Amino acid sequence: LPEAPSARPGPTAPVLPPCPDSPPGLVGRLLIEFTSPMPLERVQRENPGVLLGGRYTPPDCTPAQTVAVIIPFRHREHHLRYWLHYLHPILRRQRLRYGIYVINQHGEDTFNRAKLLNVGFLEALKEDSTYNCFIFSDVDLVPMDDRNLYRCGDQPRHFAIAMDKFGFRLPYAGYFGGVSGLNKSQFLRINGFPNEYWGWGDWAGLFAHPGAHSSLAVLDPRISLAGMKISRPDIRIGRYRMIKHDRDKHNEPNPQRFTKIQNTKLTMKRDGIGSVRYQVLEVSRQPLFTNITVDIGRPP
Ligand code: UDH
């Protein structure tokens with residue numbers, strides 16, 4: 001009798017070992033500059049292993065997590081090219097399985113970073129339900145050391161702890177801005193980000209611990225309310241360069257920013273990932289990232 005097809009030896013996918021906790025081949029401190037021109041074609045040429053939509057899986061090991069990197073965005077194409085140029089090789093060396101999601105706010109109404117991040121969380125999961133780590137990164141922040149691993153841990157992680165613009169120091173104890181990451185259950189535990197905070201504000205302070213900001217003694221933000229603590233890399237490793245820029249149009253400081261943060265305890269349950277309303281206008285898979293253009297409405 002002919003052999004049953006399932007019993008026939010044939011090419012099977014090799015079983016890859018788990019990716020190591022400390023990836024070999026990291027280079028440590030990196031030289032980051034934003035002066036040479038950076039055409040997208042070049043970035044594409046230099047990252048042939050990255051698949052459509054900005055997806056990557058290590059060829060030689062099985063990562064423990066699948067990471068969605070979410071970037072809030074509008075009119076910063078120039079910054080995005082540098083970000084992609086620097087980050088793809090870093091994330092690859094870190095042996096991550098990842099996807100890059102640029103959440104592009106449609107129209108010219110007031111910018112809303114936090115709401116865009118909520119959209120990114122939901123839309124990334126719609127595309128791939130195996131995402132279990134979400135890293136939220138400003139488009140203008142590039143790590144200066146590849147040992148700053150873009151992974152999630154047992155507490156929410158703050159990555160951009162020593163930016164050049166703050167003299168390579170944490171600006172205040174509870175700072176959680178710029179680049180931060182939460183796994184899926186941590187994100188759901190804080191009900192995601194607020195949707196009702198329009199314009200510029202140090203909204204990231206919302207996720208820090210109480211008393212973080214000297215001028216805001218009653219600060220009572222989401223991470224501590226949910227009983228969690230921020231984890232951070234070593235100060236020598238968590239260094240970042242920010243691409244210098246002027247304040248964008250339609251992202252003026254919100255005068256209510258201090259009162260809003262103080263009211264987190266009251267608003268956190270009703271305003272967050274559970275109540276976000278938006279309309280996706282376009283999903284386009286580019287060679288180095290997925291662009292999601294979204295209508296998030298405007299402030300009341
Ligand atoms: N962002 C956009 N487009 C905008 C506004 C914000 O893409 O129009 C995104 C982008 O990812 C940016 C992030 O939101 O990195 C945070 O916004 P921001 O860079 O404006 O915030 P930051 O606190 O700067 O870094 C505030 C203005 C500083 C002016 C300094 C003048 N010297």
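**View 1. The ligand fills the largest pocket of this predicted model.** Here, a pocket is an open set of points on a 1 Å grid over the protein atoms alone, with protein on both sides within 12 Å along at least five of seven lines, where a 1.4 Å probe fits. The ligand counts as sitting there if more than half of its atoms lie within 2 Å of the grid points.

**View 2. Meet the shell of 14 residues around the ligand.** Coming nearest are Pro72, Arg74, Val139, Asp140 and Trp200. By type, the shell splits into seven charged residues, five nonpolar and two polar.

**View 3. Oxygen atoms of the ligand pair up with Pro72, Asp140 and His245.** Each is a polar contact, meaning N or O atoms within 3.5 Å. Pro72 uses a backbone N or O atom, 2.7 Å from a ligand oxygen. Asp140 brings a polar side-chain atom to 3.1 Å, and for His245 a side-chain N or O atom sits at 3.2 Å. On its own the ligand exposes 670 Å², and the protein buries 80% of that (Shrake-Rupley method, 1.4 Å probe).

**View 4. Residues 209-220 have pLDDT below 50.** pLDDT is the predictor's confidence in each residue, from 0 to 100. The protein chain averages 90, with 90% of residues scoring at least 70. Still, the 209-220 stretch has 26 contacts in the model beyond near neighbours in sequence (heavy atoms within 4.5 Å).

**Notes.** Residues are numbered from 1 along each chain as its sequence is written. Local features need pLDDT of at least 70, side-chain atom pairs 80 or more, while totals for chains, interfaces and linings use all residues; side-chain values use heavy atoms, leaving out hydrogens and water.

Note on methods:
A residue is near a molecule or strand if one of its heavy atoms lies within 4 Å of it. A polar contact is a pair of N or O atoms within 3.5 Å; within protein, one must be able to donate a hydrogen and the other to accept it, and residues adjacent in sequence count only if both atoms are side-chain atoms. On a 1 Å grid over the protein atoms alone, a cavity is a set of points where a 1.4 Å probe fits but cannot get out, and a pocket is an open set with protein on both sides within 12 Å along at least five of seven lines; lining residues have an atom within 4 Å of a point. Ala, Val, Leu, Ile, Met, Phe, Trp, Tyr, Cys and Pro count as nonpolar, Asp, Glu, Lys and Arg as charged, and the others, Gly among them, as polar.
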